[in-house]
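Please open the structure in your viewer and keep the selection tool at hand. The tour proceeds one selection at a time, and each stop says what is to be found there.

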Amino acid sequence: MGCRNPKISSANITVLGVIQIMIGIYHILMWYFLLLLYMGQIKGVFGTYEPVTYKMGTSLWGFAFVISGAFTVKAAKYQSRHMILCTMSLNILCIVITIVAASLTIVELSHFRSVSYRNYGQAKLGREVSRVLLCSYPLEFAIALVYSISSCTYLARNQEETFESVTEVVESNS
């Protein structure tokens, strides 16, 4: 893809894929941290704090970022049409995932019901982790969007070159 689009090289695409993998691993580790944090809560009069993002496992959706990043690195090395289409589809899935996860996190952070005083510190720390994860969603969104746009333009250029070569062949045979 890099040889046809002078603005984005194969090395740049590889870096985008590696950053996607790192963001995905970060999200998975943060989910594990939240798991340990919320499992240690004590049942109190007001109950425990179980946010919507934790129940749905939105940080575990980081696996999609890791897989998409791995495919992006692979597509930068081996540029076949099918590999680029598959990677573009995975990056579009990552765009949808980041929009849904960011929306759920915003809903979680906008509502806070009171919890037992014993669990207040854990709930507060969990909300701070959600704020940090909310800051990483735009980065993942931007990376997936940049790759999707660049691969789409690459595929469109290849399509035009294919049509031009077919018309040249037909004209030369006439």
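A residue is called buried when its relative accessible area is under 20%, exposed when that area is over 50%, and partly exposed in between. The model shown here is a predicted one.

**The whole chain**

Begin by displaying the entire chain as a cartoon. It has five helices and zero strands, so that the pattern read along the sequence is α-α-α-α-α. Of the 174 residues in the chain, 42% are buried. Consider next the contacts between residues with a separation of 6 or more: 81% of them join residues 24 or more positions apart. If you switch to a surface display, you will see about 9800 Å² exposed by the chain, with 70% of it supplied by carbon and sulfur atoms.

**Helix α3**

Select residues 62–77, which form helix α3. This helix has 16 residues and reaches 23 Å from its first C-alpha to its last, close to the 22 Å expected at 1.5 Å a residue. Now colour Gly62, Ala64, Phe65, Ser68, Gly69, Thr72, Val73, Ala75 and Ala76, the buried residues in α3. Because these residues cover an arc of only 170 degrees around the axis, they are on the same side of α3.

**Helix α4: Leu104**

Move to helix α4, residues 81–110, and select Leu104 within it. Is Leu104 buried or exposed? Its relative accessible area is 18%, and therefore Leu104 counts as buried, since the cut-off is under 20%. Show the residues around Leu104: leaving out those up to four places away in sequence, it touches Val52, Thr53, Met56, Thr58 and Trp61. Thr58 is worth a distance label: Leu104 and Thr58 are 46 residues apart in sequence, and their C-alpha atoms are 8.5 Å apart in space.

**Helix α4: Thr98**

Remain in helix α4 and select Thr98. With a relative accessible area of 2%, Thr98 is buried. Which residues is Thr98 in contact with, leaving aside its neighbours within four places in sequence? They are Phe65, Tyr137, Glu140 and Phe141. Phe65 has already appeared on this tour, as one of the buried residues in α3.

**Helix α5 and the nonpolar patch**

Follow the contact from Thr98 to Phe141, which is placed in helix α5. Phe141 has a relative accessible area of 30% and is therefore partly exposed. Add Ile99, Leu145 and Ile149 to the selection: together with Phe141 they make a nonpolar surface patch of about 330 Å². Helix α5, residues 120–173, gives the most to this patch, with three residues.

**The salt bridge**

For the last stop, select Glu128 and Arg131, which both lie in helix α5. How many salt bridges does a search of the whole structure find? The search finds one. In the salt bridge between Glu128 and Arg131, the closest N and O atoms are 2.7 Å apart. The two residues are three residues apart, about one turn of the helix. An α-helix has 3.6 residues a turn, so residues three or four places apart point the same way. Glu128 is partly exposed, at 36% relative accessibility, and Arg131, at 33%, also counts as partly exposed.

Technical notes: Residues are numbered from 1 along each chain as its sequence is written. This is a predicted model: local features need pLDDT of at least 70, side-chain atom pairs count only at pLDDT 80 or more; totals for chains, interfaces and linings use all residues. Side-chain values use heavy atoms; hydrogens and water are left out. Helices (H or I, at least four residues) and strands (E, at least two) are DSSP runs, numbered from the N terminus. Buried means under 20% relative accessible area, exposed over 50%, partly exposed in between (1.4 Å probe, protein chains only). Contact means heavy atoms within 4.5 Å. Accessible areas come from the Shrake-Rupley method with a 1.4 Å probe; for residues, only the protein chains shown count as cover. Patches are made of residues with over 30% relative accessible area and no salt bridge: like charges are joined within 9 Å, nonpolar side chains (Val, Leu, Ile, Met, Phe, Trp, Tyr) within 5 Å. A salt bridge is a side-chain nitrogen of Lys or Arg within 4 Å of a carboxyl oxygen of Asp or Glu. The expected span of a helix is 1.5 Å times one less than its number of residues. The arc is that of the directions from the helix axis to the C-beta atoms.
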